[in-house]
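Hello,

Here is the structure I promised to pass on. Please have a look when you get a chance, and my notes follow below.

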Amino acid sequence: MPDSITKTLKHLGRLFISKPMAEPVDMTGRHVIVTGASPGSLGYETTRILAGWGAKVVATCMRNVPRMEAALKGDLSRRGADERNLTAHRLDLSDPESVNAFTAWYHDRYEGTLHVLVNNAGIHKKTLGPRKKLPIDSDGFEVHWRTNYLGTFHLTSTLLPLLQRAGLESGDARVVNVSSGLHDRVGNEDLFNDKPLHHSWDAYGKSKLAMIHMAFELDRRYAESHNLRAVALHPGVVMTNLTLPQAFGGRTGKALHRVSSALTSLFLLSPAAGAQTIVMCASRRPLQGGRYYERCAISEPSADSLDADASKRLWDLSERWVGTLPEPGGDEQGTRLTARRRSQGEYNLDNELLKRGFTPRPLTPAQRSALDTDGFIVLEEIIPPEWLAGLRQAFDTVFDREGDKAGVEVAQMEGVRRLADLVNKGSVFDAVYLQPELLTAVYQILQRPFKLHSLNGHDPLPGSGLQVLHADWGQPATPGGPYHVVNSMWMLDDFTQTNGATRCVPGSHLKPGRVTDHVTDRMADHPDQVYLTGRAGSVAVFNGGLWHSSYINRSDASRRALHCAFIAREHPQQTNQREYLQPDTAQRLSPLARYVLDVPR
């Protein structure tokens, strides 16, 4: 039997089954954002229910915000709920300035407290049949893709640090993406090619497939580390302001909407019934993340939406797109957000680096957030294969040449092949301490001019390598900074838990004092430790205040790494390059390299 007939019969069968209802939950103390909450919408009903259960809800819409706010407060008051639980604000997901202004306003109004983000807003432009060309937004994207997916991803990215903090503090934060059963009209290949879609249902379905990928990837990235769970859902076939009015447009759509309202209960769910799965996903505790829900229960999405590689690829592309958006501005709220971001190092860099020709590689919002909250990121496979091969060869050559003297410039360790002062051991190492993503991340952490601290090598032999948990900054830590040291781990071989990948304790750079103030046995496994694993060619970057250590190499192979550390310019280097710099090294240094090494001409 064709899938379309099967789905139709399934839907008709459900018309005669009782509609599932979300169990009431006390939401007192929870802060929620619901996008797309105009009257007659799923977002409106979701807001009404959650605010009625005690949540502090900010509802958004693009037009006539006072009308939405008045209607919602009236409904809450009539039901005996506190209308003060509801606040309304304008938000246009297709406009970056609107997204930035909303985020700035929310941050200031609620002091950055956010537990639940319900991404419900979306558009479906009027079209019942194929078109030669679907509408294009002002920045060149098809309108459904630009608003429903890209705009939602932008909003979620800007609010991600708030959700991560709430997850860590409360143990439960979540993102709820409202998708659609229409997501299976297209496949993953449609997400990554430029082939135009000629039917609005296909374009709408494409944006909804992307919403599922986004939810699943967000859950994979942050569920364990931040207690931040993400889900996608199909609310059912619902009579909302996205159906007949937009499908036909104008007076025809409005007339048909009025005529059809009497039949809604027979053939389509009401917005209140359709909102039940959204409400359940936003409120039920515990909730299984990384899943697709329908009729208040886990359901099965399309096979394409379960492709984790496609989810990751789409996420990475979307993050890069967000990084191209202009700085906020234009109104007072946007200006405040710009000032706050500059103070957090999102846009500024050491001018001395820039004057010497450095071109920064902007970090994504998620990477900036991870550096601030977790204290580390892994830049996956950023070392090109040819350079990686050269670094491996140089590592072994230097060690063979220096023999039992290898590493003496800094320290030698039993059971570890150590190298030191690699700045002076070959030109293949020159680009290590100038890598653009690395230097951008260093400034994000230190927030002031810095220089190279040291460039060393580390290879724990089989059965060796375990160190005590420690921080690279020897003084008591001050939560929130200022920070003083940044380290990076260049993975010349695959880093796995088996071969002794570096262990660290996420967020430990935010704890006051010294490691010994919190940990009795620093050789033992820490209950919160994770491993900085990655493919050869990846680079882990971490705050020098983070508790970390090398681990036991339980394999029978090498686990070579370069340790490239940086320190704020007011402090002395571990390897003083003014003393160690060799004449042949000095001859090849660019002005940028001299500045990073702190060796004036």
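Which residue in β6 is the bridge partner of Arg-174? In this predicted model, the partner is Arg-229. That bridge is a good way into the part I looked at first.

Strand β6 covers residues 228–234, and six of its seven residues are buried, so the rest of the structure largely encloses this strand. On one pairing, β6 runs parallel to strand β5 (residues 173–178), with six bridges between them. β6 also pairs in the parallel sense with strand β7 (residues 292–294), here over three bridges. In that second pairing, Ala-232 stands opposite Tyr-292 of β7.

I also went through the second largest pocket, whose volume is about 1700 Å³. Its lining counts 46 residues, and those closest to the centre are Arg-221, Phe-376, Ile-377, Val-378 and Glu-380. Two or more lining residues come from each of α6 (200–226), α11 (308–323), α14 (365–373), β9 (376–379) and β14 (530–531). The biggest contribution is from α6, which gives eight residues. By type, the lining holds 20 nonpolar, eleven polar and 15 charged residues.

For the chain as a whole, there are 19 helices and 17 strands. Of the 601 residues, 55% are buried. Among contacts between residues at least 6 apart in sequence, 79% link residues at least 24 apart. The exposed area is about 26000 Å², with 52% of it supplied by carbon and sulfur atoms.

Happy browsing, and all the best!

Note on methods
Residues are numbered from 1 along each chain as its sequence is written. This is a predicted model: local features need pLDDT of at least 70, side-chain atom pairs count only at pLDDT 80 or more; totals for chains, interfaces and linings use all residues. Side-chain values use heavy atoms; hydrogens and water are left out. On a 1 Å grid over the protein atoms alone, a cavity is a set of points where a 1.4 Å probe fits but cannot get out, and a pocket is an open set with protein on both sides within 12 Å along at least five of seven lines; lining residues have an atom within 4 Å of a point. Grid points are joined across faces, edges and corners, and a volume is the space filled by probe spheres set on the points. Helices (H or I, at least four residues) and strands (E, at least two) are DSSP runs, numbered from the N terminus. Ala, Val, Leu, Ile, Met, Phe, Trp, Tyr, Cys and Pro count as nonpolar, Asp, Glu, Lys and Arg as charged, and the others, Gly among them, as polar. Buried means under 20% relative accessible area, exposed over 50%, partly exposed in between (1.4 Å probe, protein chains only). Contact means heavy atoms within 4.5 Å. Accessible areas come from the Shrake-Rupley method with a 1.4 Å probe; for residues, only the protein chains shown count as cover. Two strands pair if DSSP finds at least two bridges between them.
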